[in-house]
Every structure is written in C-alpha cells, then in structure tokens.
Amino acid sequence: MLKPEPTVLELSEIRAYGYSTYAIVSWQTSIDAGSRVEFGESKELGSVKAKSESVKNHSIVLDGLKPDTLYYYRVVSSTRSARKESSILSFKTKRVGEVVE
C-alpha cells in the first residue's frame, strides 16, 4: 500500500545573490515541491519565474535585471495538496563592473 504524500511543507535557507543583470534565488523545502519566484522593483512584485519539477533544493535564475537596482521577491513552493510562500524579501543587483565577493 502506498503512503500518502506528506503535506507539511516548510521553506528554509532562502537566499538571493544579485549580480549586475541577473540574480540567483535559492531555497529548500521539507518535501518535494515546485519552484516559483515572484519579483519586481516594488513590493507589488509583478514578474514570475517558475519551474514545475518537484524538488527539495530550489534555484531559479532571474535574468534581464537592471544593474544597481533594488528588487523585491517572494518564493513560493507547492505540491498537489500544500502551498507555502515566504514573506517579501529584497536584494540589490551590483553596479556594472562591481566585483562580486
């Protein structure tokens, strides 16, 4: 007999690494889930990047960003029976030519 899918979905290790024209947003979930990042230059967000594959370690590249700009984002993960989203967070892209440490 198959066990039912766990429904306790938790987010952790949410991070964003901003470069001059792109950013990498990564996070972990307690169970396999889809990946979605809502982002924009204001807290209203407005843009979305998503992956449908179900994983525990998530990473999405946000490209086409403006250099030296503050962006807001929220990560969202979901399964057939659960959905979890983070609060609205932020990162800033680097100036063109700025060294990334």
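Which residue forms a salt bridge with lysine 84? Hold that thought for a moment while I set the scene.

What you see up there is a predicted model. Going by its secondary structure, the protein chain has six strands and zero helices. So if you walk along the sequence, the pattern reads β-β-β-β-β-β. There are 101 residues in the protein chain, and 34% of them count as buried. The accessible surface is about 6400 Å², with 48% of that belonging to carbon and sulfur atoms. And here's one I like: take the contacts with a separation of 6 or more, and 58% of them come from residues 24 or more positions apart.

Okay, back to lysine 84. The partner is glutamate 10, and the closest N and O atoms of the two are 3.7 Å apart. Now look at where they sit: lysine 84 is in strand S5, while glutamate 10 is in the segment before strand S1, so this pair links distant parts of the chain, 74 residues apart. Are these two buried or exposed, or something in between? Lysine 84 has 31% relative accessibility, so we call it partly exposed. Glutamate 10 is at 40%, which means partly exposed as well.

How many salt bridges are there in total? The count comes to nine. If you're new to this, the basic idea is that side chains of opposite charge can pair when their charged atoms come close.

Let me show you another one. Lysine 66 pairs with glutamate 41, and their closest N and O atoms are 3.2 Å apart. Both of these are in loops: lysine 66 in the one between S3 and S4, glutamate 41 in the one between S2 and S3, with 25 residues separating them along the chain. Lysine 66 is partly exposed because its relative accessibility is 46%, and glutamate 41, at 44%, is partly exposed too.

Next one: glutamate 85 and arginine 74 meet in a salt bridge at 3.8 Å, N to O. Here glutamate 85 belongs to strand S5 and arginine 74 to strand S4, eleven residues apart. Glutamate 85 has a relative accessible area of 37%, so it counts as partly exposed. What about arginine 74, buried or exposed? Buried, because its relative accessible area is 18%, and the cut-off for buried is under 20%. This pair also belongs to something bigger than a pair: salt bridges with shared partners join Arg36, Glu38, Arg74, Arg83 and Glu85 into one network.

Arg36 from that network takes us to the strands. Arginine 36 has alanine 50 in S3 as its bridge partner. That is part of the pairing of S2, residues 22-40, with S3, residues 47-63: they run antiparallel, and 13 bridges join them. The two make a hairpin with six residues between them, and in the turn you'll find leucine 45, which has a positive phi of about 65°. While you have those strands on screen, remember that in a regular strand the side chains alternate between the two faces of the sheet.

Now for the greasy part. Which residues touch the most other members of the largest nonpolar core? They are Val37 and Leu62, out of 13 residues in that core. S2, S3 and S4 are the elements that give two or more residues to this core, and S2 has the largest share, with five. If you click on leucine 62 and leave out residues up to four places away in sequence, the residues it touches include Val25, Val37, Phe39 and Phe91.

Two loop residues and then I'm done. Tyrosine 19 is in the loop between S1 and S2. With 24% relative accessibility, tyrosine 19 comes out as partly exposed. Its C-alpha atom is 8.8 Å from that of aspartate 68, and those two residues are 49 apart along the chain.

The other one is threonine 79, in the loop between S4, which covers 70-78, and S5, which covers 83-85. Threonine 79 counts as buried because its relative accessibility is 18%. What does its side chain have close by? A polar atom of that side chain lies 3.2 Å from the backbone nitrogen of serine 81.

That's my tour, so go ahead and spin the model around.

Note on methods. Residues numbered from 1 in each chain as written. Predicted model: local features only at pLDDT ≥ 70, side-chain atom pairs only at ≥ 80, totals over all residues. Heavy atoms only, no water. Helix = DSSP H or I, 4+ residues; strand = E, 2+ residues; numbered from the N terminus. Buried < 20%, exposed > 50% of the residue type's maximum accessible area, 1.4 Å probe, protein only. Polar contact = N/O pair within 3.5 Å; in protein donor to acceptor, adjacent residues only side chain to side chain. Pairing = 2+ DSSP bridges. Contact = heavy atoms within 4.5 Å. Areas by Shrake-Rupley, 256 points an atom, 1.4 Å probe, with all protein chains shown as cover. Salt bridge = Lys/Arg side-chain N within 4 Å of Asp/Glu carboxyl O. Core = buried A, V, L, I, M, F, W, Y, C linked by side-chain atoms within 4.5 Å.
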